[in-house]
There are 6 protein chains.
Amino acid sequence: MSKIVTFGEILLRLSPPSHLRLTQATSFDLYYGCAEANVAASLAKFGFPVKFITSVPANELGESALSMLRSFGVEPVAKIQGKRLGIYYFEQGASERPGKVVYDREDSSFSMLRKGMIDWEKAFEGADWFHWSGITPSLSLELAELCEEALEIASKMGLTISADLNYRPTLWNYGKKANEIMPNLIKYCDLLLGGINESEIVLGISKQENESVESVFSNWMKAFPKLKTIVTTKRLRANASSNGVSAEFYNGKEFLKSKEYNISHIIDRIGAGDAFMAGIIYGLINWPNDHQSALEFAVAATCLKHSISGDINLSTAEEIKALMSGHGGGRVSR
Amino acid sequence: MSKIVTFGEILLRLSPPSHLRLTQATSFDLYYGCAEANVAASLAKFGFPVKFITSVPANELGESALSMLRSFGVEPVAKIQGKRLGIYYFEQGASERPGKVVYDREDSSFSMLRKGMIDWEKAFEGADWFHWSGITPSLSLELAELCEEALEIASKMGLTISADLNYRPTLWNYGKKANEIMPNLIKYCDLLLGGINESEIVLGISKQENESVESVFSNWMKAFPKLKTIVTTKRLRANASSNGVSAEFYNGKEFLKSKEYNISHIIDRIGAGDAFMAGIIYGLINWPNDHQSALEFAVAATCLKHSISGDINLSTAEEIKALMSGHGGGRVSR
Amino acid sequence: MSKIVTFGEILLRLSPPSHLRLTQATSFDLYYGCAEANVAASLAKFGFPVKFITSVPANELGESALSMLRSFGVEPVAKIQGKRLGIYYFEQGASERPGKVVYDREDSSFSMLRKGMIDWEKAFEGADWFHWSGITPSLSLELAELCEEALEIASKMGLTISADLNYRPTLWNYGKKANEIMPNLIKYCDLLLGGINESEIVLGISKQENESVESVFSNWMKAFPKLKTIVTTKRLRANASSNGVSAEFYNGKEFLKSKEYNISHIIDRIGAGDAFMAGIIYGLINWPNDHQSALEFAVAATCLKHSISGDINLSTAEEIKALMSGHGGGRVSR
Amino acid sequence: MSKIVTFGEILLRLSPPSHLRLTQATSFDLYYGCAEANVAASLAKFGFPVKFITSVPANELGESALSMLRSFGVEPVAKIQGKRLGIYYFEQGASERPGKVVYDREDSSFSMLRKGMIDWEKAFEGADWFHWSGITPSLSLELAELCEEALEIASKMGLTISADLNYRPTLWNYGKKANEIMPNLIKYCDLLLGGINESEIVLGISKQENESVESVFSNWMKAFPKLKTIVTTKRLRANASSNGVSAEFYNGKEFLKSKEYNISHIIDRIGAGDAFMAGIIYGLINWPNDHQSALEFAVAATCLKHSISGDINLSTAEEIKALMSGHGGGRVSR
Amino acid sequence: MSKIVTFGEILLRLSPPSHLRLTQATSFDLYYGCAEANVAASLAKFGFPVKFITSVPANELGESALSMLRSFGVEPVAKIQGKRLGIYYFEQGASERPGKVVYDREDSSFSMLRKGMIDWEKAFEGADWFHWSGITPSLSLELAELCEEALEIASKMGLTISADLNYRPTLWNYGKKANEIMPNLIKYCDLLLGGINESEIVLGISKQENESVESVFSNWMKAFPKLKTIVTTKRLRANASSNGVSAEFYNGKEFLKSKEYNISHIIDRIGAGDAFMAGIIYGLINWPNDHQSALEFAVAATCLKHSISGDINLSTAEEIKALMSGHGGGRVSR
Amino acid sequence: MSKIVTFGEILLRLSPPSHLRLTQATSFDLYYGCAEANVAASLAKFGFPVKFITSVPANELGESALSMLRSFGVEPVAKIQGKRLGIYYFEQGASERPGKVVYDREDSSFSMLRKGMIDWEKAFEGADWFHWSGITPSLSLELAELCEEALEIASKMGLTISADLNYRPTLWNYGKKANEIMPNLIKYCDLLLGGINESEIVLGISKQENESVESVFSNWMKAFPKLKTIVTTKRLRANASSNGVSAEFYNGKEFLKSKEYNISHIIDRIGAGDAFMAGIIYGLINWPNDHQSALEFAVAATCLKHSISGDINLSTAEEIKALMSGHGGGRVSR
């Protein structure tokens, strides 16, 4: 069974219960998660051995974040340092009121990671796959450099490498633009999750108005020859409570489209992309020659994530396959 | 006013709050209910004097199950024996994630009931109606025999008898198939709630592909000459959060169809069939010659059940009639 | 910045959590609010200096009602008297089960207010706008007289006056019909929120079957020459969980229609009209010559209120403007 | 088995959870209870057939109050009338912060009961015991007259009659003093729960400074020749979180003292006297010739009540007997 | 009535409910408070007009902190700046498990305050009293300088000045020791709350082993001639769930000791010192010539605070006076 | 660092919140635990590598039990079989109301374990210590035989072996008495936790009335020559809310007594013995020649457990050592 390593920050999420607004909360529900941690936990739930490389402080919040990961069977490899675990406050939206994230993640333990602090060779020992996302290099130049360090070593050690572009305009504020940093990191990747709106701003690859997705992705592959697969998700007819989802897959030859799901009642939208990412990794590992199935698994995974509270897709591979086979929410499973 | 007796098991239901999955629950909401208990409570809520025959253990869980029934005015008649109250864990679904029932009901007090343990003559004294369901005979041969004992006596004492087929494939596992047992019990019934998919598997009556509901039900009446009424419910465009409902009614002469309701936000789907059952009993008792009204009452009852947490339809007859008259959820009632 | 005064009762609202029915509640969530208090709080949230004139008892419930208002920056001006704070129990509806209000507001402190108890000159000092609603005169003749006292003085002092007709059939039960009382009060108003169904029953102005809204409102303006603006809201395709909303605006010359919003998941419908009222006041003050913008702001405000628990629209003006500009619930705001 | 009837009001109690103060509550826990209802429920829990005579409104709150009683097996006999169920807000105290009751019970359904409204002969049919308390006559002259009506009939029909003086200074405010009303009602009683501080103010019987309890009670028996038993409870070393309890018993001949219990952690003090009352009734019925045992049962009952949330003593007779036998809280019962 | 100004940081407190440890929390209860904010709110609860000078970020957390203060009638004067509201996680202790504070307050909005940012003249306009504490100068040199700026102006404007030494060893970590900074600030003060263990470490005044409290305080007064009153509190027989409290008062002539209270069940110990501080301010303003009463009020205030959840003493002056008069927790107040 | 293996059942614990009784619960808090699992988790919290050998069903409850263990870093080795996870309902006691356990653990997955099902050699590979308790052999003869199988192999492989007698009279009901089974298992043990009341009933070793603990333990050592250490705990002045604890230690030569702790407010008593057990294992491993320190660590551990919700001692070794050093609950740790 493939061994997978992911790397990134883990945050404490604080959310008012029952769709309350932040200003009316008298309590917060706690979750721990963030992009790459969510991918790690979902992959462990699928049964893979997974390591998660991160940094947390030597206090109860840091300990709880690692405990959560361990509860899934993820092996956390954490540098214990610094003073605080990053936080994000999340207010669930409803109908036309958008969900809202208030970040309070500066000066976290993770933000203090530097090149040389992580023994990547040891972390990658026996591993087959390395996953990271564009969140980490968006936080500081030092973290961007650390990503590069990881990518070089992973690459040398022969791991398959995947990335989620995960572009958040409010994060890239240390003086570099995403497209000054990311191309140098994406060049190591085999699999990419991204959207065509990120082409210019993240990858520095201009696109024509109305250019087809396939054409844009084809240009990405030209720019990054190591890239074998590009996937993208689509959110349709969205308000804060309901939307459709579908996804597309480009492998340099075929441009595949997934089934579209209608999600009529969103429980929690956070982590939907991470659920997709874990799904596509599962799919490519299990059906390396059946890209349509890999794609359908990933889109069914993201569909189910919308029905689950917290950042992490708690669906098993069996549940996702059941949805792929048409067994949706219409019947109680007894 | 008609006196009604129902017979069956009552279970403890344990459900995570707020659409959480079972694996993320740190607390469970408690409900007590199961098919025939739900029918009993709903009928008591409509104002009927109701007895519920069951068995529970001599502990706080058994006591609480009976207290719940008493709170509705149901008179429980319970053999106190055995060691445990049966449990079912219920995870609410959402959108394309199906609800999930995990049964833990084996070796319950109810499962230890045997012929001769219940004084049926006394239980049925002064009663007009007896209701049971296919859950009980699915649990063990002994319980199937106990059902037969009850049915013979109820029949002799002249009670109207109703049954809900309630076929659950995971339950029939004591070595008999449903259609080896159920026909012998259904033959006592005046009113049946079932679906045409249960024809072969429960009643042993084969049906043609694409055979009309009316035709199938007509065959059921031929097989079971005592049957005067067959009702069936339909779930339409269903996911775990929304569906339509309608129902049909066959009295040997007419085949009636109900209005269809669109339930856009399901609060709790469990017990929807039991709410229908109680509704049709109410309808047939109150409007013996107006089968359309009886049917409309029953389908409005099941519609409202979907908006109510727990197993039991907490709607009053007045609320159901208001919905029948077109006063749906669009206005706050002040 | 305009200073606004509103006048009315503030009630304790007791609601079962999680869509439970009143009869199954083991706890009630608390909110404090009622029509004019909701308008006051929303306007304070928009940044206006606001006073709220009311009466509460000298106990913890009265104190809490005032604290809630202060938390928004509203300055409560309350006569402390009497024995009880009025209550309303509110059961959230779902799909075809209507929400339900059970009033328990008789004999409240507010109901004991009489002419002469409030120093209106002081209350209106420096104020630009006075808002009241039809709830207050519906409660007793004495309160209707008190309204008139307030209106006369506000009028003399040159305040702009707005009213929400807010007709509740179950309230007008002290022997006078609404249309015997309300016209005498409406004659002081510049701005009115009402619906054409209230024409006869509240204002005593008959309307033709199928008469257009514009024509009815035109008649209202003839009857009440001081009226400059009439607004009305429309609820479309409503059940207890979802509806559309739109609104209309008549200024004696133009009849404007707003954008229509589809609210797919209602969190709390109570106070939707009050949110609209606060919105239209904001709009008319900020865009006195752009009635379409004022109307769009008000309808976006009422749309957002449906997504917020409790009686009060917790939306900021910026959030409402974002929705007006097309930034709905489809994207998480980071 | 003795059949018992109690008569009185049932209130909705609203309490902040977790020792929060009323002004900081965002939710209230619900309980239904009041003196005589608490006695009724405790006696039903002991296994007696019990009726509770009362009045509630035709709304969900009235229905819930009756459902609660039914859940214990109490048969409620309620006149359905009026507009509201009385309320009391209860703030739990802690250490030196006293618990606090805010009554909001005026104009309740119960307050509208009048002579002639209750069919006492029917209510008392087959009954052996009638219990009432001084709360009811404290509410209005009409209710005092209704008490007298009940007492006369109960007396004629040969029921044993018990009363709890239950003197609450804030209630007697309709123009009569307690000692103008109560003696005329106490004269019908066989069993009285009261304290010597109530001698003058409730019974109009003066007492000497430092007069012994036995001497005071002896005077009571002289004044009310029907009285056979007087019991009184003592609270020792009390703060809001802990106290000792003991009780005394006078039967005209002996003056018995109970064991003293130290209650180190009070969960809920409300209803402690009612638990004692139910205990002494149980004791006198079961051990008519062993007054010490009756007293010990009653004081163990009140001791256990302090450990139970809500107004009602949820202890079984077996649990109380276990405590009487020395099996206190020191060991987990498995 | 005296107008009071306090100055300091306000933090978000996050606490697991129900005595859970931080590592087992799935939700946090929210409170907003910190030393000087707690004093401000308590004084407002006593009826004083109070301003609180602080700084919060322009987000929902900052807004909520100010709303909380407003709900008490405190007028917040806040510089809106920076990125985050400081946090402290608080785990309630029990018996021998100590309560635990985990600070996450660095880089808060308040920490960015600098000299010149606050218009002290305007803030102190019409004010009679200024209160600050040793928390603020412990955070950074810049904040210590800002304190001095405030103290100079307050002093010039003739305000009475009080300080709570509030020494927290984990806070003074910017390179200066407390006794290098604090004496220069204490010299402006009229009233001081501190303990003799702080003599050397905070004030730089050495004390003899076994030196009496009176003697130490006498030395303080010599060192700081403006000081008129020194108060100190004592915690006795303490574990995390119970302790005794008493206090002492030195006015240069008399050394007064308060009554001692036994707090058998602590609900929340945080803010006990702030409750005392508000109490002594109330006492000195109301009974300037009766120092014993002032002291007794303050110690009764701190006693009651232990029974109240959150950082703020929600007791009214009447409740505190009732405890001073001997009406403790032994009786429910009805 | 020593590697430790424990073996036993893990149960789902269902407890009403807030000291509610089982019959009044509308929700249950969930915990997973049981004797040996609690020891495992506490040892992992101390930093030891720990394996826990057990059996759980292939459903969400089984999965959650393992996840909980993993969250502590315990490595579960579980045979996945059978239909149900055992349950125990636990009602917290208060003062003189004892806590109550209702077992519902029959027919669990664990109860289906048989000799040969577990690869003990693999489980014990590299391990230093094996811990089991008297719960397992009390459940069935087959489980007693499985214990023996484990003990033989552990013994051969040279592990140190510890046992907790954990005698529960309600469990030994399969036809064998404890003292027919346990001696054969205890003979393998190096360390025993038990009380002198268990001498006859569990070990079959008669004791004299008033025989000293030391003398009894000396007899145990004679009967079981492998035994090197016997420890016992004492509960003093116990009610359900408070008690003292101390412990004693016998090593064949010395009879040591621990400090006594007064636990004034018990949060959760379940698992206190398991906390002691983990503590003594920690102590003997870390201070093999300082038995007094080992004992003090264990008794401080059990003291802290009483302050923690759930079955597991969430205290770190540092926290326990702090209490040993006299830093109890009297001060908030900042």
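The paragraphs below lead through a predicted model of a complex, with the interface of chain D and chain E as the main subject. Residues are numbered from 1 along each chain as its sequence is written, while chains are lettered from A and ligands numbered from 1 in the order in which they are written. Because the model is predicted, local features need pLDDT of at least 70 and side-chain atom pairs count only at pLDDT 80 or more, whereas totals for chains, interfaces and linings use all residues; side-chain values use heavy atoms, with hydrogens and water left out.

For the complex, the predictor gives an ipTM of 0.95 and a pTM of 0.97. In chain A the average pLDDT (the predictor's confidence in each residue, from 0 to 100) is 97, and 100% of the residues score at least 70.

Chain D is superposed on chain E by a rotation of 120° with 0.0 Å of shift along its axis, at an RMSD of 0.0 Å, the fit being by least squares on the C-alpha atoms of residues with pLDDT of at least 70 in both copies. That is the relation of a three-fold axis. Only 7% of the interface residues of chain D are also interface residues in chain E, so the copies meet through different surfaces.

Between these two chains, 28 residues of chain D are in contact with 24 residues of chain E, contact meaning heavy atoms within 4.5 Å. The area buried there is about 2,100 Å², of which carbon and sulfur atoms give 52%; buried area is the accessible area (1.4 Å probe) that two parts lose on being put together, summed over both. D:Arg21, D:Ser95 and D:Glu96 supply 27% of what chain D buries against chain E, more than any other three residues.

D:Arg21 also meets E:Glu319 in a salt bridge between their side chains, at 2.7 Å from N to O, where the rule asks for a side-chain nitrogen of Lys or Arg within 4 Å of a carboxyl oxygen of Asp or Glu. The rule finds one salt bridge across this interface. The largest share of the side of chain D that touches chain E, three residues, comes from strand 7 (residues 100-104) of chain D, strands being DSSP runs (E, at least two residues) numbered from the N terminus.

Notes:
Helices (H or I, at least four residues) and strands (E, at least two) are DSSP runs, numbered from the N terminus.
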